[in-house]
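Here are a few exercises on how a sheet is put together and what packs around it. Grab your viewer and work through them in order.

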Amino acid sequence: MANTKEIQKRMKSIRDTMKITSAMYMISSAKLRSAKQKLEQTEPYFYALQGSISRFLRHIPEVQNRYFDQKKEIPEEEKRRGYIVITADKGLAGAYNHNVIKMAHELFTQGENNKLFVVGELGRQYFAKEGLAVDAEFKYTVQNPSLHRARVIADHVMDLYAENELDEVYIIYTKMENSFSMNAEKMKLLPLVKEDFLHPAPADIYQEEIRVESSMEAILEHVVPNYVTGYIYCALVESFASEHNSRMMAMQAATDSAKDMIQTLSIEYNRVRQAAITQQITEVSGGAKAQKNKKKK
């Protein structure tokens with residue numbers, strides 16, 4: 001059984017760790033609120049872009065554009081796919097990184113012509129350790145998602161798509177369903193599917209007419225890149241929020257475990273201390289009794 005000094009030393013170490021986990025919980029809580037605010041502020045604009053594409057396609061459904069070319073002439077096993085994988089720069093976030101990396105690894109190994117575009121230091125380290133080639137490494141941190149960073153990623157993959165080096169582009173990120181549920185998601189960015197934008201409007205809704213000053217091709221060449229950039233940005237912010245929500249849960253669990261450990265060690269400390277006091281009393285009592293017997297003799 002450990003002595004009182006060893007138990008006190010362990011309790012102090014656990015209390016110090018608990019201070020760190022509590023501080024990390026508070027930091028992640030503040031960053032989570034900031035991420036949610038960013039998402040709420042930017043979502044309306046990109047939803048409006050999606051609505052604009054829907055209106056264009058509703059009026060001119062037969063339009064042909066490279067961003068909607070499904071390339072059905074290419075067999076599925078021969079298609080060149082690009083995967084944008086969003087991970088974190090740091091750990092201590094539960095299963096957040098593991099779930100995304102696991103999905104990306106499984107999808108990447110399904111074909112021979114796939115390319116990885118990894119955002120986040122942990123993802124880069126994992127794929128480098130596994131010996132998997134990473135086509136582009138976006139070195140900037142994912143701790144502060146911005147529209148500029150999303151545009152850099154979008155421009156890179158869209159250039160490869162335009163040059164026919166990629167047939168399909170996917171993004172793998174973590175979507176926060178609620179405060180307790182976060183799931184790894186795969187979303188197809190390119191090519192776009194017309195059916196996803198063509199939703200039948202109710203009969204009593206006014207269908208406006210659209211007069212196009214330039215060609216529809218030119219409009220889509222401008223709108224679609226902004227739409228893809230917006231989706232990547234939303235995925236970055238959603239992943240950022242999910243990361244810190246996962247870290248909050250992990251730090252809360254660590255703090256609760258630390259409290260339980262301190263309670264257990266406090267009980268053990270009191271037992272050891274009580275046993276030591278009892279032993280001292282027994283020794284004093286035994287010594288006094290021995291002295292008394294000695295005087296009688």
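**Exercise 1.** Work out how strand E2 pairs with E3, and in which direction.

*Solution.* Start with E2, residues 115–119: 3 bridges join this strand to E3, and the two run parallel. (Strands are DSSP E runs of at least two residues and helices are H or I runs of at least four, numbered from the N terminus; two strands pair if DSSP finds at least two bridges between them.) Next, pick out one bridge: Val119 has Phe138 of E3 as its partner.

By the way, this is a predicted model, where local features need pLDDT of at least 70, side-chain atom pairs count only at pLDDT 80 or more, and totals for chains, interfaces and linings use all residues. Numbering starts from 1 along each chain as its sequence is written, and side-chain values use heavy atoms, with hydrogens and water left out.

**Exercise 2.** Lay out the sheet order and explain why E3 and E5 each have a side without a neighbour.

*Solution.* First, write the order: E3-E2-E1-E4-E5, an open sheet of 5 strands with mixed pairing. Then check the ends: E3 (136–138) and E5 (182–190) are edge strands with a single partner each, so one side of each lacks a neighbour in the sheet.

**Exercise 3.** Find which residues Ile232 touches.

*Solution.* Take contact as heavy atoms within 4.5 Å. Skip residues up to four places away in sequence, and you're left with Ile84, Ala150, Ile153, Ala154, Ile171 and Leu189.

**Exercise 4.** Find the strands that helix H4 lies across.

*Solution.* Locate H4 at residues 147–162, then list the strands: E1, E2, E3, E4 and E5.

Technical notes
Axes are lines fitted to C-alpha atoms, for helices over the stretch in contact, and angles run from 0 to 180 degrees between N-to-C directions.
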